2 protein chains.
Amino acid sequence: MRTLVLGLGEGETTDSPYARYFNPRMAPLPGHVLEALSKGPVAHELLAPFARAGALQEDGHGLAETAYTLAPDGSARIACLTEMPGVTPAMWDWWFAWHGSEAPRYKLWHPLAHVDVAWADGEGDTGRYVGRTSNIVEYVGARRMNVGVRFVAPAAIGFDAGDLARRGQVAICGRCLMRDLHMEVGWLVHLIRPVPGGSEMRSRFWIGGPHVNPIGMTGRVGRFIGRTAAMLRPFSVSQATELLIHDAQEMNHLAAFLPALFAEFGPDATGSGS
Amino acid sequence: MRTLVLGLGEGETTDSPYARYFNPRMAPLPGHVLEALSKGPVAHELLAPFARAGALQEDGHGLAETAYTLAPDGSARIACLTEMPGVTPAMWDWWFAWHGSEAPRYKLWHPLAHVDVAWADGEGDTGRYVGRTSNIVEYVGARRMNVGVRFVAPAAIGFDAGDLARRGQVAICGRCLMRDLHMEVGWLVHLIRPVPGGSEMRSRFWIGGPHVNPIGMTGRVGRFIGRTAAMLRPFSVSQATELLIHDAQEMNHLAAFLPALFAEFGPDATGSGS
């Protein structure tokens, strides 16, 4: 059995054709992320609730594109903007399917925090992620956690699929799982849209509060257990900042070499990687 | 009844001649504020207790002009310096009377946190603020609160009024109220003095600890209730940083357009705004 550790090891270095993309010198946090961390939590009205997630596909920016808050319903809302020259939305659509079948792929994304990944269905790289659950071991801040993302179709949480396609946008949407606690704890969206010279990612997380229930228990009893759990163990401001930092790190880091990775291993590559 | 929300809405945009000064892209936090936030709480001796508030009118700077601390008496002390080129102390004296009668005026100051304002006496713009109480709805950090400021004459808390006038200084002094809790919780001072090219504001807050009593109950029983309340619900370090951030944001933001606003709506304006 593999020992789960940070970094490439135990043959991962030599066995992986993409190991040369593993770079532990990560991209620095952009200035707007540092500013958001300095400002502290903002008014919750500035960040839309999960029920309005679909509005992310509209033009323009909100008043708080990189920020975090604790809302009165007990949930944290986190927003992060990532500017990605040379990157296309299609590259991220490919990435989310491609990375999930092999830990060394996943480790490229955040070399200092990503430990392991595997699809819950036991299958390998099928070229798909919607409808599948990615089981993850990663650090967020100093905490090592067994988490997961159950990816859903954008239309399932309020996006207009036709409009996304017309605008050339990709919305990666998922239910966030804490496998240690056997709980579904929140939602994430990464909306990627073309901008001149590349694309930008509008990431959103809604964690805790009404978004908590035992995995698979979406009925009344599940919601009651979830609300109790959320009250007993509320998501904290420091956890919100750690999630914002983690997201900004991994998205900025990968964006710098995603075009090259996509060219070498993506669907149009001539090599054997994809 | 008006819905109380962030931002200009419900006719506020078109009805307000000063709406063009509403700018949700706020000024960034100055470097010395970011440094103070990075440093964390300082030795409480570096920040004078409320009993020495009047010393703010003396020349020079203290050892900690932008900082926060928790003092042994259970109170938080917060200090913030704002440098304001082109601004005069008289502009702030005018602002504190002018902004309090209309929410759209108040919202100019901190577009991402200010929700509502009204004078407790029910009167409108009388050109005065000392002796009046301003009832406020605002976010500090992620918390939306019903608070207030009962403005007092500087001489009431230890300033020398004649000396302030001789030096061309303005001291805005007030008792801070938490209307949700029906408590007086602290004191604030904004001392504005001329410097070459403009003026500087030395803001101070003393919150919690011995400064808490039920509103209007200043006697022994009130002080006892206040001390108990302060012990049960102490002001936290994160609240202190949020107050420092909020103060730095609103003062730097307004200072950038206060001269233009004063010229257009102040006492010497020829328009109809004041």
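## Getting to know a predicted model

The UniProt record, in an unreviewed entry, places the feature "domain: DAPG hydrolase PhiG" at residues 50-263 of chain A. The structure you see is a predicted model. Here are some exercises to explore it.

**Exercise 1.** Describe the make-up of residues 50-263 of chain A.

*Solution.* Start with the secondary structure: this stretch is 30% helix and 35% strand. Then look at its two ends, where the C-alpha atoms are 35 Å apart.

**Exercise 2.** Work out how the rings of Trp94(A) and Trp98(A) are arranged.

*Solution.* Over all chains there are 36 aromatic pairs. One of these joins Trp94(A) and Trp98(A), with 4.9 Å from centre to centre and 25° between the planes. Planes under 30 degrees apart count as stacked, and this pair is stacked. Next, turn to the backbone: because the two residues are 4 apart in helix 3 (residues 89-98) of chain A, about one helical turn separates them. Finally, check the surroundings: Trp94(A) and Trp98(A) are both buried.

**Exercise 3.** Find what sits over the ring of Trp119(A), then turn to Trp119(B).

*Solution.* In chain A, the charged end of Arg132(A) lies over the Trp119(A) ring, 4.3 Å from its centre. In chain B, Arg132(B) places its charged end over the ring of Trp119(B), 4.4 Å from the centre.

**Exercise 4.** Is Ile225(A) buried or partly exposed?

*Solution.* First locate Ile225(A): it belongs to helix 6 (residues 220-232) of chain A. Its relative accessibility is 33%, so Ile225(A) counts as partly exposed. Now look around it: Met217(A), Val221(A), Phe224(A) and Ile225(A) make up a nonpolar surface patch, together offering about 380 Å² of accessible area.

Definitions and conventions. Residues numbered from 1 in each chain as written. Chains lettered and ligands numbered in written order. Predicted model: local features only at pLDDT ≥ 70, side-chain atom pairs only at ≥ 80, totals over all residues. Heavy atoms only, no water. Phe/Tyr/Trp six-rings, centres within 6.5 Å; stacked < 30°, edge-to-face > 60°. Buried < 20%, exposed > 50% of the residue type's maximum accessible area, 1.4 Å probe, protein only. Lys NZ or Arg CZ within 6 Å of the ring centre and 35° of its normal. UniProt positions renumbered as here; feature names shortened; annotations may be inferred. Patch = residues over 30% accessible without salt bridge, like charges linked within 9 Å, V, L, I, M, F, W, Y side chains within 5 Å. Areas by Shrake-Rupley, 256 points an atom, 1.4 Å probe, with all protein chains shown as cover. Salt bridge = Lys/Arg side-chain N within 4 Å of Asp/Glu carboxyl O.
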